[in-house]
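Dear colleague,

Here is the structure I promised to hand over, with my notes on its interior below it. Please read them with the model open beside you.

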Amino acid sequence: MTVHPEVESFFDEPTNTISYIVKDPTSDSCAVVDSVMDLDYAAGRITHDSADEIIARIKERGLKLEWIIETHAHADHLSAAPYIQQELGGKLGIGSKILVVQETFGKFFNEGTEFQRDGSQFDALFEDGDTYTIGNLKAFAMYTPGHTPACMVHVIGDAAFVGDTLFMPDGGSARADFPGGDAGTLYDSIMKVLSLPDEMRLFMCHDYAPGGREYAWETTVAEEKKNNIHVGNGKTKEDFIKFRTERDATLGMPRLIIPSLQVNIRGGEVPKDKDGRPMLKVPVNGL
């Protein structure tokens, strides 16, 4: 955790998602965290402007992409992992509990036997504490369920990429009412993250600029412990569960949850119909 990787951020305003290039400071190796594939849902049109920006930056800097990391199976944006992998290579990794998410939403979308629920769409399925390298830079995956069963925080040097486990201090935390989510489990996972060194840099997957402030996505463990509005300054697990449960009951579904989950449980691949055409389903009255 004493190594200071270079972190470059890319903000996708339509989905409030931040993607990252994380570079080993001692080599040209890098990783991409939580990429975005662009979807015009009304038109049913997929494009890759966001991913192309990341690809162009990696090429411009002469970097070697070694890993494409998904912190979890996102419900609010589509992953561009296969597109980036086709252009630059690298291995695609996600938490091993993606199998739970695949099983849950395989049933929800009435997927047939052609949809493999064994995580084979990914190159690596991380268990809690698994390590990997980006050039000479050691990283490890920390299991942090609660928002979804497959959430993981990736600690890379002195930087931790928290997915939806935490938001900025004035944003609090993510919802815990998706299938397999749990507010108490999320609190425990947040406490696990906040047990990292105070100076650890934390990088968010989303920011919604509460109160109209400027978008922001980098903070520290110390700042979260002190000022996070949902868990900071000694707030108890019981208080968090009560707040989170009541709050989640008022929330609507994310705008892109139906296309996002179909794509993301496949590692970013768009499902196809029997004639091989890209096709998305819309289950009715299921969520």
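N110, which comes just after helix 3, takes a positive phi of about 55°; helices here are DSSP runs of H or I with at least four residues, strands are E runs of at least two, and both are numbered from the N terminus. The model is a predicted one, in which local features need pLDDT of at least 70 and side-chain atom pairs count only at pLDDT 80 or more, while totals for chains, interfaces and linings use all residues. Residues are numbered from 1 along each chain as its sequence is written, and side-chain values use heavy atoms, with hydrogens and water left out.

Within helix 3 itself, I98, V101, Q102, F105 and G106 are buried, meaning under 20% relative accessible area with a 1.4 Å probe and protein chains only. Because these residues cover an arc of only 125° around the axis, they lie on the same side of helix 3, the arc being that of the directions from the helix axis to the C-beta atoms. Their cover includes strand 7, strand 8 (124–126) and helix 7.

The largest nonpolar core (buried Ala, Val, Leu, Ile, Met, Phe, Trp, Tyr and Cys residues joined through side-chain atoms within 4.5 Å) has 36 residues, of which I21, V32, I58, L65, I84 and V101 touch the most other members. Among the elements that give two or more residues to this core are strand 3 (29–33), helix 1 (49–60) and helix 3 (98–108). A second, separate core of 21 residues includes M142, A160, L166 and F240.

With best wishes

Definitions and conventions
Buried means under 20% relative accessible area, exposed over 50%, partly exposed in between (1.4 Å probe, protein chains only). Contact means heavy atoms within 4.5 Å.
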